[in-house]
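Reader: I would like a close look at a single part of this model, namely its salt bridges and the surroundings of the residues that form them. Please take the pairs in turn and connect them where they can be connected.

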Amino acid sequence: MCLPKLVCIVGTTAAGKSDLAVALALQFGGEVVSADSMQIYRGFDIGTAKITAAEMRGVAHHMLDVVPPDGAYSVADYCRDAERAVAGILSRGRLPVVAGGTGLYVDSLVGNTQFAGDKADPAYRASLQQYAREYGADALHAKLRAHDPEYAEKTHANNVKRVIRALELYRATGKTMAELAAQSKRPPRYECLKIGLRFADRQELYRRIDRRVDAMMARGLLQEVACSRRGSVPRRRPCRASATRSWRHTAREAYPLTKRSPASSRTPAVTPSASSPGFSATHRSSGSRWTATAKKFSTKRKKRWKIL
């Protein structure tokens, strides 16, 4: 049986995934399917490094701006919607190019993972979150170790979200994460060419990250982060994006929240500069925050993909 063909491009932050995806789509008549867990949310375009219309160069892009910032969206939701996008591209006789840094999205889509439905228990989840606040992440991690030592060994105690999810699933199914993963495997849906991007000279990657963050600052990253702090927005998922999370403290200094009249509560009109309050010279050296992120995630990615 001949399976539908698609291309997957993965790699660390600022490796050039989006540019390569566009180039391949233009060369081979394709359309791009984003695989980024932050870019599916509307807004927060700067902090999530969302591709611009100019950078798309006329290539159709899918799986961007799918849900509102406060919407819930799981990997199962992504696979359902991405499969529809891929099917539409194939029906038009074009090549699907999947590109993004969320490895779980890519692995689940390409691997045709079967999900066991929504096993979330809001009350139980809230109790675990409260337990972590009262007794600490290590105590919560010990609970996971008692039920699923294999997954506990792979998951750091500070990754409270994953620890809680594993405990939820164990309570709902009585199965460990490894057992659930084995149960979810199905025959592949696509014939996939996987392309992994890396830099032989890591310093060049870090320089690319520096340039990206500088460009973000010039576009108004601090303003975007400052706006995200108003109302209930800080709990919205795009605030977890690396750039947004890293600059939240700086935004608090540059734009402290005060009681304002409705007319004065708009987004600051001036792009923060070296003279902005709370913006010191050390903030220009922004790559150190993201280069650490790049090192962390590139190591994880190598374990799942054969990097070319």
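**A charged pair within a helix**

Author: In this predicted model, Arg84 and Asp81 lie 3 residues apart in helix H3, which spans residues 75-91, so about one helical turn separates them. Arg84 forms a salt bridge with Asp81, and the closest N and O atoms of this pair are 3.7 Å apart, a distance that falls within the 4 Å allowed for a salt bridge. The two partners differ in their accessibility class: Arg84 is exposed, with a relative accessible area of 58%, whereas Asp81 is buried, with a relative accessible area of 15%. The value for Asp81 is 15%, and buried means under 20%, so Asp81 is classed as buried although its partner Arg84 is exposed at 58%.

As general background, side chains of opposite charge can pair when their charged atoms come close. By the rule applied here, the count for the model comes to 16 salt bridges, and two further examples can be set beside the pair in helix H3.

One of them joins Asp45 and Lys50, whose closest N and O atoms are 3.0 Å apart. In this pair the acidic partner, Asp45, is partly exposed, with a relative accessible area of 33%, while Lys50 is buried, with a relative accessible area of 5%.

Another is formed by the side chains of Glu204 and Arg211, which meet at 3.4 Å, taken from N to O. Here Glu204 is partly exposed, with a relative accessible area of 25%, and Arg211 likewise counts as partly exposed, at 46% relative accessibility. Returning to the pair described at the outset, Asp81 and Arg84 belong, together with Asp77 and Arg80, to one network that is joined by salt bridges sharing partners.

A polar residue elsewhere can be read alongside these charged pairs. Ser184 is found in helix H9, which covers residues 177-184, and Ser184 is buried, with a relative accessible area of 12%. The side chain of Ser184 reaches the backbone oxygen of Ala181 at 2.8 Å. When the neighbours within four places in sequence are left aside, Ser184 is in contact with Asn112, Thr113 and Gln114.

Key: Residues are numbered from 1 along each chain as its sequence is written. This is a predicted model: local features need pLDDT of at least 70, side-chain atom pairs count only at pLDDT 80 or more; totals for chains, interfaces and linings use all residues. Side-chain values use heavy atoms; hydrogens and water are left out. Helices (H or I, at least four residues) and strands (E, at least two) are DSSP runs, numbered from the N terminus. Buried means under 20% relative accessible area, exposed over 50%, partly exposed in between (1.4 Å probe, protein chains only). A polar contact is a pair of N or O atoms within 3.5 Å; within protein, one must be able to donate a hydrogen and the other to accept it, and residues adjacent in sequence count only if both atoms are side-chain atoms. Contact means heavy atoms within 4.5 Å.
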